[in-house]
Amino acid sequence: MADVQEPLARGLAELCPPPKVSKPRLRRWEASRYLLNEHGIEMAIATLAKLACLGGGPPFQKAGRVPLYPVDLLDEWALARLGRVIRSTSEDGHA
């Protein structure tokens, strides 16, 4: 009986998603995915690259030529971009 349950248990474990990897900094494609998954902000990789040149995007650091976005600063930027919660369209959403 144990022989039958072992493959079954292993099969169920494979169906579970892997735990979140907590990285302190994300590459640009990871930052794009993170903003969508955590904050609901759709931001294309190319848009993040453009904002890195022009300004107005989330702050980042560089490791050589690779831009890395600190997760805590991504969260701050996303919350500032979202603004406050409003209850009707007659409110402008800004403080």
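# Reading a predicted α/β chain

Q: In what pattern do the helices and strands follow one another along the chain?
A: Read along the sequence, the pattern is α-β-α-α-β-β-α. The chain holds four helices and three strands. Helices (H or I, at least four residues) and strands (E, at least two) are DSSP runs, numbered from the N terminus.

Q: What kind of model is this, and how are its residues numbered?
A: This is a predicted model, in which local features need pLDDT of at least 70 and side-chain atom pairs count only at pLDDT 80 or more, while totals for chains, interfaces and linings use all residues. Residues are numbered from 1 along each chain as its sequence is written, and side-chain values use heavy atoms, with hydrogens and water left out.

Q: How should the sheet be read, and in what order do its strands lie?
A: Strands of a sheet pair through backbone hydrogen bonds, either parallel or antiparallel. Here the sheet is open, with three strands in the order 1-3-2 and antiparallel pairing. Its edge strands are strand 1 (25-26) and strand 2 (61-63), each of which pairs on one side only. Two strands are taken to pair if DSSP finds at least two bridges between them.

Q: Which residues stand opposite one another in strand 3 and its partners?
A: Strand 2 and strand 3 (residues 66-70) are antiparallel and share three bridges. Ala63 stands opposite Val66, and Gln61 has Leu68 as its bridge partner. Strand 1 is joined to strand 3 by two bridges, also in the antiparallel sense; there Arg25 is partnered by Pro70. The hairpin of strand 2 and strand 3 has two residues between the strands, and Gly64 takes a positive phi near 70 degrees in it.

Q: Is strand 3 largely enclosed or open to the surroundings?
A: Strand 3 is largely enclosed by the rest of the structure, because four of its five residues are buried. Buried means under 20% relative accessible area, exposed over 50%, and partly exposed in between (1.4 Å probe, protein chains only). Of the 95 residues of the chain, 23% count as buried.

Q: How is the packing of two helices described, and what is the case for helix 2 and helix 4?
A: Two packed helices are described by the angle between their axes and the distance between the axes. The axes of helix 2 (residues 28-39) and helix 4 come within 11 Å and cross at roughly 55 degrees. Axes are lines fitted to C-alpha atoms, for helices over the stretch in contact, and angles run from 0 to 180 degrees between N-to-C directions. The two helices, helix 2 and helix 4, are therefore oblique to each other; angles under 35 degrees count as roughly parallel, over 145 as roughly antiparallel, 65 to 115 as roughly perpendicular and the rest as oblique. Among the residues making the contact (heavy atoms within 4.5 Å) are Tyr34 and Leu35 of helix 2 and Leu74 and Trp77 of helix 4.

Q: Where does Phe60 lie, and which residues does it touch?
A: Phe60 lies in the loop between helix 3 (45-54) and strand 2. At 30% relative accessibility, Phe60 counts as partly exposed. Not counting residues up to four places away in sequence, Phe60 touches Ala52, Pro67, Leu68, Tyr69 and Pro70.
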